[in-house]
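Trainee: I should like to learn how to read the features of a protein model in an orderly manner. May we begin with the interior and proceed to the strands, helices and loops?

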Amino acid sequence: GARPEVVVATPGRLWELVSEHTVAHLQRLHRLRFFVLDEVDRMVSVGHFRELTHILNLVQRTPDDDDVADDDGGGGGGGGLRPLGEAFGGRQTLLFSATLTLPPAAREANAKRLKKHKPLPDSSGSSIEALLGRVVLGAKPKVVDLSRKQLVAEKLEQARLSCVAGEKDAHLVLLLRERKGRAIVFTNAVSALRRLKGLLGALNMPVLVLQGGMQQRARLKAYDRFASSEHATLLATDVAARGLDFSGVDYVVHYQLPRSSETYVHRSGRTARAAAAGLSVVLLEPSDAKDFRRLLHEMGEDDLPDLRIDRKPLSAIKAAVSLAAQLDRQQHRERRDKANDNFATSLASEMGLPSESEDDADEETELNARRAERQQTNDTARLKAQLADAMRRLEPSAAKDARESGKIPKRPGKRKRPGFS
C-alpha cells in the first residue's frame, strides 16, 4: 500500500487506523523522524483526546530486536517508553500552541477550572510543565516564544459594545447591519445559537450555523458556504474557535463571554490572520460585569474601549427585534403543536385505534380546538405584517443615515467594505 512520508491526522482518526492494523506503515510510529503536535495545550488537557495517550505510547515505544531487524514488522514488541528524541538517529518533536504561555492570572484561573479539588501549581509555572508530564522528551526542550505582552494579533482591534439589560439582541443586529462583511458570532450554548438563528431569520438576515452536534457533512457545508461568501454571518459555538482557518473574516462577536481567556484568544484569532486587520467585539450587558472583569484580569488588561457605532437606528431596530422574537416564539409553538398532533395520530395508527378526529370527541372541545388554531394562524399573520412594516420603516432611515455618512455611494456600484473605527 501507500507509504506517505507525511501524515496529517486528528488523534482519533489516526488511532482508529492504527488499531485496525490494516496499514502496516502506521505500525512503525516509533521510527518517526519528526513528530508535530498542534494545539498541544488542548490535546494534553484533562479529559481530551484519550487516543493521543495511546499514540504517544506507540511513538515512544522501545522496539524489540525482531522489530528493529524487520523493517516490515508490525507494531508489537517489548521494552518500555523512550524519550521522543532518542529513536533511530534522533527525532525532532515540535509542539505548537497559541496559548501555551498565558499570563500568570490566566494560568491560575485555568488551573482552578481543571483541578478544583487539587492545589494550584506554582505561579511561576505554565502549561509547559503540564505538557512535559505527559510527553517524554529526551533533552531539555527549547522554548521559542513568539508571543508578545498582548496575547492577540498585533492588528486586532478589541472593543466592547455595552447595552442595558434585555437589549443585547438589538445591539447585535445593529452591529451586523452597520458592519458588512464576514462575521463570526460566538455563543457558549447551543440553545442561544438556535434562538439567534430564528431571530435573525425572522429579520431577513440569513445566517449559517456551526456547532459540535451537527453531522460532519453539515459542518463542512456550512464551512464551505461561509468561506465562499463575501458577506456572511456564521453563528458558532466554540467548536469554531480552534483549528478552522477562515481567511478574510472581518470581525468576531462574543455574544456570550468566553469562559476563559484562552478561549477568548482562540475566538479572536479567527480574524486578523496573516497580518490582516480585524476586530473583536464583546457584547456586554450589566449581568456580564463580573465575568468581564475576571476576563480582563486574566488577560492583563485594564479595560476595552467602547466601539464607535451609529446608534441612531437602534430605536427602530429594537421595535423590529421585539416583533421578530414574538414571531419566532409563535412559529415555534405552531411547529411544536403540529409535531405533537402528528405524533398522537401516528401512535394511534400503530395501536390500531381511531384518531381523535375519528373518535367520538366532544363537539365543543373540537370546536374550541379549531378556534384556537385559527387564532394562532391569525396571530402569526398579524405579527408578520407588523414586522414587515417595522422593517420598511427601518430601511429608509438606515439608508439615509449611511449615505449622509458617506458609507454607501448614492449611485449604484460595488460597495466597499467599511474600515474599522
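Trainee: Which residues of the largest nonpolar core touch the most other members?

Mentor: A nonpolar core is a set of buried nonpolar residues joined through side-chain atoms within 4.5 Å. In this predicted model, the largest such core has 41 residues, and those that touch the most other members are L172, L175, L176, L203, L235 and L387. At least two residues each come from β3, α7 (168–178), β4 (182–186), α8 (190–202), β7, β8, α12 (314–350) and α13 (363–404). The element that gives the most to this core is α12, with 7 residues.

Trainee: What does L203 touch, not counting residues up to four places away in sequence?

Mentor: With those sequence neighbours left out, L203 touches V173, A320, V321, A324, L387 and M391. L387 is itself listed with L203 among the core members that touch the most others.

Trainee: How should one read the two sides of a strand, and which residues of β8 point each way?

Mentor: In a regular strand, side chains alternate between the two faces of the sheet. In β8, G278, S280, V282 and L284 point one way, while L279, V281 and L283 point the other way. Residues on both sides are buried; for β8 (residues 278–284) the count is 7 of 7.

Trainee: Which strands pair with β8, and in what sense?

Mentor: Strand β3 (residues 156–162) pairs with β8 in the parallel sense over 7 bridges, and within this pairing E157 stands opposite L279. Strand β7 (residues 251–254) also pairs with β8 in the parallel sense, over 4 bridges; here V252 has S280 as its bridge partner. In addition, β7, helix α10 (residues 261–268) and β8 form a β-α-β unit, which is right-handed.

Trainee: Is S280 buried or exposed, and what does its side chain contact?

Mentor: The cut-off for a buried residue is under 20% relative accessible area. S280, in strand β8, has a relative accessible area of 0% and therefore counts as buried. Its side chain makes a polar contact of 3.1 Å with the side chain of S268. Not counting residues up to four places away in sequence, S280 touches L156, E157, Q158, A159, V252, H254, Y264 and S268.

Trainee: How does Q330 compare as a further case of a polar side chain?

Mentor: Q330 is found in helix α12 and counts as buried because its relative accessibility is 5%. The side chain of Q330 makes a polar contact with that of R333 at 2.6 Å. Once residues up to four places away in sequence are set aside, Q330 touches Q376, D379, T380 and L383.

Trainee: Which residues of helix α11 are buried, and which are exposed on the other side?

Mentor: To read a helix, one looks down its axis and asks where the buried residues fall. In α11 (residues 289–299), the buried residues are F292, L295, L296, E298 and M299. They fall within an arc of 160° seen down the axis, so they line one face of α11. On the other side, K290, R293 and H297 are exposed. Just after α11, G300 takes a positive phi of about 75°.

Trainee: What is the corresponding reading of helix α1?

Mentor: In α1 (residues 11–20), P11, L14 and V18 are buried. Their arc around the axis is only 70°, which places them on the same side of α1. The buried residues of α1 pack against α2 (40–43) and α3 (50–59).

Trainee: Where does a positive phi appear in residues other than glycine?

Mentor: Most residues other than glycine have a negative phi. H21, just after α1, has a positive phi near 55°. H21 is placed in the loop between α1 and β1 (34–37), and it counts as exposed because its relative accessibility is 59%. A275 is another case, with a positive phi of about 70°. The position of A275 is in the loop between α10 and β8, and its relative accessible area of 58% makes it exposed.

Terms used. Residues are numbered from 1 along each chain as its sequence is written. This is a predicted model: local features need pLDDT of at least 70, side-chain atom pairs count only at pLDDT 80 or more; totals for chains, interfaces and linings use all residues. Side-chain values use heavy atoms; hydrogens and water are left out. Buried means under 20% relative accessible area, exposed over 50%, partly exposed in between (1.4 Å probe, protein chains only). The arc is that of the directions from the helix axis to the C-beta atoms. Contact means heavy atoms within 4.5 Å. Two strands pair if DSSP finds at least two bridges between them. A crossover is right-handed if, with the strands pointing away from the viewer, the path from the first strand over the helix to the second runs clockwise. A polar contact is a pair of N or O atoms within 3.5 Å; within protein, one must be able to donate a hydrogen and the other to accept it, and residues adjacent in sequence count only if both atoms are side-chain atoms.
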